[in-house]
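User: I've got a structure open and want to talk through a few side-chain details. Can you take my questions one at a time?

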Amino acid sequence: MPPNISELAPSLSQLKVAIGGIQKLSLVDYPGHVAAALFLSGCNMRCGYCHNPELVLPERLAPSIPVEEAMIFLKSRIGRLDGVVISGGEPTVNEDLPVLCRMIKGLGFDVKLDTNGTHPDMVRGMVEEGTIDFIAMDVKGPLEKYVEIAARPIDLTAIKDNVRLMIDSGIGHEFRTTIVREQLEVADFEKIGELVKGAKRFALQHFRTGTTISPKFANYHTFTDEEFRAAQKIMERYVEECVIH
């Protein structure tokens, strides 16, 4: 029996989770699922190519949607949706993310988490509890370029731990890299491949200009088709499947 949301309202209002947006329907964000997506505010990186400044930059944060409102919406979609994607920003900077995922699982949905991999202990706890069913992690580049691309100090041990946790977890997972030609070169994918060796799926993503955290990225580029194919060929030696988005 799904929880009675109205009875949970007082405790929901106290959850340390900031929901910056809701996508009511997605056919592409959760493989094999008809899903909704919750976008949580806050991030510990400042990647210049990020298209969600309203979820990342404190001075531009979107007004938070009450957790109760989000849960009422999800309860209304029981039987119509298969899953819920928790994205951001970076969801794991929200202290009560595990509680939110537990509640969504309690409604009967599969849960997919999008993360940058900086909080493996939180992710491990949710995997062990069975409150997430699929994890997607952004791999910014080879480890030596992480600080430059993320534009923040990064615990590289945490990144490596989260990668191995995902591969060893036995649950569905995908790694992905957004390719900005001014930041990455094809040869970098040898080291990226070593980092995620044994993964089920890897996605090479085109960088697209538009609203970005750093205005200078308006003049940046992605790989050529030939360079994408070369990177894909490298990654196919390390992972079960590599796709280009």
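Analyst: Sure, here are some questions and answers on this predicted model.

User: How many aromatic pairs does a search of the whole structure find?

Analyst: Rings count as a pair if their centres lie within 6.5 Å. Phe 189 and Phe 223 make one such pair, at 6.2 Å centre to centre. Searching the whole structure, the total comes to five.

User: Which parts does the pair of Phe 189 and Phe 223 tie together, and how far apart in sequence are they?

Analyst: Phe 189 sits in helix α8 (residues 188-195). Phe 223 is in the loop between β7 (201-206) and α9 (225-235), so the pair links parts whose separation in sequence is 34 residues.

User: Are the planes of Phe 223 and Phe 228 stacked or edge-to-face?

Analyst: Their centres are 5.7 Å apart, with 70° between the planes. Planes over 60 degrees apart fall in one class, so this pair is edge-to-face.

User: Is Phe 228 buried or exposed?

Analyst: The cut-off for buried is under 20% relative accessible area. Phe 228 has 1% relative accessibility, so the label is buried.

User: Which residues form one aromatic cluster?

Analyst: Phe 223 pairs with Phe 189, and Phe 223 also pairs with Phe 228. The one cluster is therefore made of Phe 189, Phe 223 and Phe 228.

User: Over at strand β1, is Leu 25 buried or exposed?

Analyst: Leu 25 lies in β1, residues 19-26, and joins Leu 27 and Val 28 in a nonpolar surface patch of about 350 Å². Its relative accessibility is 51%, and the cut-off is over 50%, so Leu 25 counts as exposed.

Key
Residues are numbered from 1 along each chain as its sequence is written. This is a predicted model: local features need pLDDT of at least 70, side-chain atom pairs count only at pLDDT 80 or more; totals for chains, interfaces and linings use all residues. Side-chain values use heavy atoms; hydrogens and water are left out. Patches are made of residues with over 30% relative accessible area and no salt bridge: like charges are joined within 9 Å, nonpolar side chains (Val, Leu, Ile, Met, Phe, Trp, Tyr) within 5 Å. Accessible areas come from the Shrake-Rupley method with a 1.4 Å probe; for residues, only the protein chains shown count as cover. A salt bridge is a side-chain nitrogen of Lys or Arg within 4 Å of a carboxyl oxygen of Asp or Glu. Helices (H or I, at least four residues) and strands (E, at least two) are DSSP runs, numbered from the N terminus. Buried means under 20% relative accessible area, exposed over 50%, partly exposed in between (1.4 Å probe, protein chains only). Rings of Phe, Tyr and Trp (its six-membered ring) pair if their centres lie within 6.5 Å; planes under 30 degrees apart count as stacked, over 60 as edge-to-face and the rest as tilted.
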